[in-house]
Amino acid sequence: MMRRDRTIRDGTGLVMTLTAALASVQMALAQTPPAPAPARVKPSAPAPDPAFEAARTAFEALPEAERKGLQDALVWTGDYNSVVNGTFGRRSYEAFLAYAKRSGGTGLPDATGRAALLKEGAAARAAVRFVVKSDPVSGVVLGVPERILPKRTPQSGGTRWQSADGRITLETKSYPAGETGLEAVFARITAPSADRRITYKLLRPDFLVVTAETGTGRSYIRYAAGEAGLRGFTLGYDKALSGEVDRLSIAIANSFVPFPDVTPASAPAPAETVVASPSPPPALGSRRVPTATGFVVAPGRVLTSAAALEGCGAPMIAGLPTRPSPGGTADLMILETGPLPGRAALAPSVHTGAIADGEGLVALVVDAEGGVLVAPGHSGPGGGRISAPLQPGAGGAPVLDRAGTLTGLVATVPKQPRLIAGIMPPASYGLVRGDALATFLGAAGVRTEPAPKAAGTLGEAVAALAGAMVAITCQP
């Protein structure tokens, strides 16, 4: 197979070679075992957990705002220690079980129980006067428990909040562009010390996280990089206060937005997904954040989601004007344009059958730098949704299954990035399913390929799609 030079990125924004990206995708998919087909179930295969599946179905039926509110409330009750993103997983399930055990319920609470949980979370939040607001010195948005940290003093590049006895300190810090880099900060805060032990460290191209402890204290440090420079915060506290502060640290991390001034209309994609390509791809026109993603299904013809381009009167591809092809539907459309150098038309292999809940999927998205973001995820109820870390511009992104067949297109995603604690978390998005794709493409006279009979073709499918994908923007 011919190697392609196009940049491939994983869901956190790490620049990868195609080979490394595919290995990352395979590893991520391996962590989400497919739902077993009745004819192929081995005697030793674990049976689905009906209680978990019932709770997930009930949770995902709730409005997004309520889902996030329940997770946030579970943080404040001390039952949940993960990202507040509205997506249901094992940690959410176990948090609900822990809360139910204490409150006398079972599993996901009913409407009355959910109201009680939200009330309890709000009371705990109000008890410490947790206020999420902008820090004018550093520019970050951060939640601060003002009752616990009443002492506030400005400092160079940020602000310090402290408890009255000095045993808890929260500091924000910012560095202007060009003053320093993540690598330098990472090296400094992880340097060996006789009285300090690093308990966790992670360095990615656009963010870092470091936790450490001494004989009497603990610390949590997070920084993110963007066009404006570096922005982050440090939380330090006495070990003896861990029972109280550990919960606060989760709430603070979930509230952290390093670059709240960055919007899709005026800036590149979120900090965690914008990385300079070591091998720049061919120019594709504007470097503005794409409005949607598409891929070439025939010479001069690009398939995408109609919902993703709603309100866009003049879609552009590679700086060229386009026109909608006749026969578009409320869900799908084909844009016609001139020749697209460097982009090969692809006759996709379309999966028209059912998709099991929880099946591993991969979404491919063109980002602001012209590279391809590889976002592993899994299917939602009825095969009509995908849970994955998708950024603005992912509407119209092709979604593949393990066999490399096209199972659908991402319908649309919010225009505002969903950054939680400075990173792009997974969330649930609607899909235009494969059967609708096959019908639409057939009516449009676009050739498709039969589904592959053998597994293990995901890598080839990703490589082929990477060479056919384009960013779609709207003319100002």
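These are my notebook entries on what I looked up in this predicted model.

**Ground rules**

The model is predicted, so I kept to pLDDT of at least 70 for local features and to pLDDT 80 or more for side-chain atom pairs, while totals for chains, interfaces and linings use all residues. Residues are numbered from 1 along each chain as its sequence is written, and side-chain values use heavy atoms, with hydrogens and water left out.

**Entry 1: the whole chain**

I began with the secondary structure and found nine helices and 24 strands in the protein chain. Here helices (H or I, at least four residues) and strands (E, at least two) are DSSP runs, numbered from the N terminus.

Next I looked at burial: of the 476 residues, 50% are buried. My labels are buried for under 20% relative accessible area, exposed for over 50%, and partly exposed in between, with a 1.4 Å probe and protein chains only.

Then came contacts, meaning heavy atoms within 4.5 Å. Among contacts with a separation of 6 or more, 61% are between residues 24 or more positions apart.

**Entry 2: the nonpolar cores**

I looked up the nonpolar cores, each a set of buried Ala, Val, Leu, Ile, Met, Phe, Trp, Tyr and Cys residues joined through side-chain atoms within 4.5 Å. Which members of the largest core touch the most others? They are Phe96, Ile168 and Leu170, in a core of 42 residues.

I followed Leu170 further. Setting aside residues up to four places away in sequence, Leu170 touches Leu142, Gly143, Val144, Leu149, Thr159, Arg160, Trp161, Phe233, Thr234, Leu235 and Ile252. Another core, of 29 residues, lies apart from the largest one, and its members include Val366, Ala411, Leu441 and Val462.

**Entry 3: Val297 and Leu303**

Val297 sits in strand 12 (residues 292–298) and is buried, at 6% relative accessibility. Beyond its neighbours within four places in sequence, Val297 contacts Leu303, Ala345, Leu346 and Val446. I also checked Val297 against Leu441: they are 144 residues apart in sequence, and 9.0 Å separates them C-alpha to C-alpha.

Leu303, one of those contacts of Val297, belongs to strand 13. Is Leu303 buried or exposed? Leu303 is buried, with a relative accessible area of 0%. Its contacts, again without neighbours within four places, are Thr293, Gly294, Phe295, Val297, Leu332, Met333, Ile334, Leu409, Leu437, Phe440 and Leu441. Leu303 and Glu336, 33 residues apart in sequence, have C-alpha atoms 9.2 Å apart.

**Entry 4: the disulfide**

I searched for disulfides, pairs of cysteine sulfur atoms within 2.5 Å, and the structure holds one. Cys312 is joined to Cys474, with an S to S distance of 1.8 Å. This pair links distant parts of the chain, 162 residues apart: Cys312 is in the loop between strand 13 (301–305) and strand 14 (315–317), and Cys474 is in strand 24 (residues 469–474). Both Cys312 and Cys474 are buried.

**Entry 5: a cavity**

For cavities I used a 1 Å grid over the protein atoms alone: a cavity is a set of points where a 1.4 Å probe fits but cannot get out, and lining residues have an atom within 4 Å of a point. Points are joined across faces, edges and corners, and a volume is the space filled by probe spheres set on the points. How many cavities of 30 Å³ or more are there? The count comes to seven.

I opened up the second largest, with a volume of about 70 Å³. Its lining consists of Arg56, Glu60, Arg67, Gly86, Thr87, Phe88, His378, Ser379, Gly380, Ile386, Ser387 and Ser428. Helix 2 (50–60), strand 19 (372–379) and strand 20 (385–388) are the elements that give two or more residues to this lining. The lining residues divide into two nonpolar, seven polar and three charged, where Ala, Val, Leu, Ile, Met, Phe, Trp, Tyr, Cys and Pro count as nonpolar, Asp, Glu, Lys and Arg as charged, and the others, Gly among them, as polar.

**Entry 6: loop residues**

Two non-glycine residues with positive phi went into my notes. Arg129 has phi near 50°; its loop runs between helix 5 (111–127) and strand 3 (130–134), and Arg129 is partly exposed at 37%. Ala318 has phi near 55°; it lies in the loop between strand 14 and strand 15 (320–321) and is partly exposed at 28%.

Last came Ala177, in the loop between strand 7 (168–176) and helix 6 (182–189). Ala177 is exposed, at 52% relative accessibility. Not counting residues up to four places away, Ala177 still touches Glu227, Ala228 and Gly229.

Key
1 Å grid on protein atoms, 1.4 Å probe; cavity = no way out; pocket = protein on both sides within 12 Å on 5 of 7 lines; lining within 4 Å.
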